[in-house]
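These are my notebook entries on what I looked up in this structure, beginning with the chain as a whole and going on to single strands, residues and pairs.

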Amino acid sequence: MDGHLIAAIPGDGIGKEVLPAAQRVLDAVAVRHDFALRWCELPWSCSWYTQHGAMMPPDGIDRLGETDAIFLGAVGSPGVPDHISLWGLHIPIRRAFDQYVNLRPVRLLPGLASSLRECEAFDVAIVRENTEGEYSDVGGRFATPDGDVAVQESIFTRRGCERALRYAFDLARQRGGVLVSATKSNGLMHTMPFWDEVTAEVAASHPDVKWQRMHIDALTARFITHPQDLDVVVGSNLFGDILGNIAAAVSGSLGVAPSANLDPTGRFPSMFEPVHGSAPDIAGRGVANPIAQVWCGSLMLDHLGREKAAADVLTAIETVTADPALRTRDLGGRATTKDVTSALVDALP
């Protein structure tokens, strides 16, 4: 039977609950479409860090490089600073495998209510440049006679901006033909005018896409007041990260928000992880919403060329969210992780 080798990293907190739940759904849809998912289980996490002094072993990247994709749960623990977990696992993976696009599809799923008044539907794809920009390791902390100084440099390269923007414009061409580029060129006098310049160059090769620039402050407001007016939004590493979380909250819950860290060329494995964190306050109680992780699985299957199976998973998600009895606590219901997972398997076409 044809198949794929997937690195499964449950991580911390609710990641240990939602990732196995999603594996169950993905295994079920794989059987129905006559292929197999072979899981390589990896215990890398903050718990691993406390035992070994690192988020993953020295050969971790090499081991991940042997897989077809990486399926990540959630990483984070109150006992480990966030910058250690992020720079010890997420960012090394993204950069080693040149996952230069972070894709966050956000829409109001059937049956769910947005936190916004008078918002009945929206469907937005956020494209975030994922390997440079504001999330650079260039800088440092320095002692001066007047006190400590912290310097954080943003790194924007033409190649880095152009390839992320090209992905976004290509995606807009496939969708509604409308794109908004997040900028702040009135305040950031070097990086953002450069971003705008490259955006205009890429736009020139996509004359069929209607686009505009929008300052990040105005764009965040647009997500809160009129998300239904947006289709494809592209931004730098920091701006895309912020917009993704705002959009997820507007969609009803972080518990239904997926993301994909993509190497669109296919040279390296891509990584799929939910937007939500490890949520230690509800971990181990069986009440975490598995939908974001399952939707990540749909994105992963689509990336692996299993479009029909991916579509079936998304159909199951839409069926389940439409049923008020199957809403987890974050959506105002009482359903458990197990309840929703079983319903998703049963709802597969």
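Entry 1, burial and overall form. I call a residue buried when its relative accessible area is under 20%, exposed when it is over 50%, and partly exposed in between. I keep in mind throughout that I am reading a predicted model. With that cut-off, 54% of the 349 residues of the protein chain count as buried. I then looked up the secondary structure and found 11 helices and 12 strands in the protein chain. The radius of gyration is 20 Å, close to the 20 Å that the globule rule gives for 349 residues, so the protein chain is as compact as a globular protein of that length. Along its principal axes, the C-alpha trace spans about 55 × 50 × 40 Å. For the accessible surface of the protein chain I noted about 15100 Å², with 52% of it belonging to carbon and sulfur atoms. I also noted how contacts are spread along the sequence: among those between residues at least 6 apart, 75% join residues at least 24 apart.

Entry 2, strand β10. Which strands pair with β10, and in what sense? Strand β5, residues 123–129, pairs with β10 in the parallel sense over 4 bridges, and strand β8, residues 178–183, also pairs with β10 in the parallel sense, over 3 bridges. For the register I wrote down that V127 stands opposite V234 in β10, while L179 stands opposite V232 in β10. I then turned to the side chains, recalling that in a regular strand they alternate between the two faces of the sheet. In β10, which covers residues 232–235, V232 and V234 point one way and V233 and G235 the other way, and all of them are buried.

Entry 3, T191 in helix α6. Is T191 buried or exposed? T191, which I located in helix α6 (residues 191–204), has a relative accessible area of 19%, and because the cut-off for buried is under 20%, T191 counts as buried. Leaving out residues up to four places away in sequence, T191 touches S154 and F156.

Entry 4, S185 and its surroundings. S185 lies in the loop between β8 and α6, and at 27% relative accessibility it counts as partly exposed. Setting aside its neighbours within four places in sequence, I find S185 in contact with M192, P193, D196 and H215. For the separation from L26, which is 159 residues away along the chain, I noted 43 Å between the C-alpha atoms.

Entry 5, a nonpolar patch. Which residues form a nonpolar patch on the surface? I recorded F142, V149 and V151, which together have about 220 Å² of accessible area. V149 sits in strand β7, residues 147–152, and at 35% relative accessibility V149 counts as partly exposed.

Entry 6, salt bridges. How many salt bridges does the structure hold? The count is 15, and I followed three of the pairs, taking D98 and R163 to begin with. Their side chains meet in a salt bridge at 2.8 Å, N to O. This pair links distant parts of the chain, with D98 in the loop between α4 (82–96) and β4 (101–107) and R163 in helix α5 (residues 158–174), 65 residues apart. D98 counts as buried at 16% relative accessibility, and R163 counts as buried at 14%.

I next looked up E318, which forms a salt bridge with R107, the closest N and O atoms being 2.9 Å apart. E318 lies in helix α10 (residues 307–321) and R107 in strand β4, so this pair ties together parts that are 211 residues apart in sequence. E318 is partly exposed at 23% relative accessibility, whereas R107 is buried at 18%.

The remaining pair I followed is K184 and D217, whose side chains meet in a salt bridge at 2.9 Å, N to O. K184 belongs to the loop between β8 and α6 and D217 to helix α7 (residues 216–225), so that the two distant parts of the chain linked here are 33 residues apart. D217 is partly exposed, with a relative accessible area of 42%. As a last item I noted that salt bridges sharing partners join D98, R159 and R163 into one network.

Key: Residues are numbered from 1 along each chain as its sequence is written. This is a predicted model: local features need pLDDT of at least 70, side-chain atom pairs count only at pLDDT 80 or more; totals for chains, interfaces and linings use all residues. Side-chain values use heavy atoms; hydrogens and water are left out. Buried means under 20% relative accessible area, exposed over 50%, partly exposed in between (1.4 Å probe, protein chains only). Two strands pair if DSSP finds at least two bridges between them. Contact means heavy atoms within 4.5 Å. Patches are made of residues with over 30% relative accessible area and no salt bridge: like charges are joined within 9 Å, nonpolar side chains (Val, Leu, Ile, Met, Phe, Trp, Tyr) within 5 Å. Accessible areas come from the Shrake-Rupley method with a 1.4 Å probe; for residues, only the protein chains shown count as cover. A salt bridge is a side-chain nitrogen of Lys or Arg within 4 Å of a carboxyl oxygen of Asp or Glu. The radius of gyration is taken over C-alpha atoms; the globule rule is 2.2 Å times the number of residues to the power 0.38.
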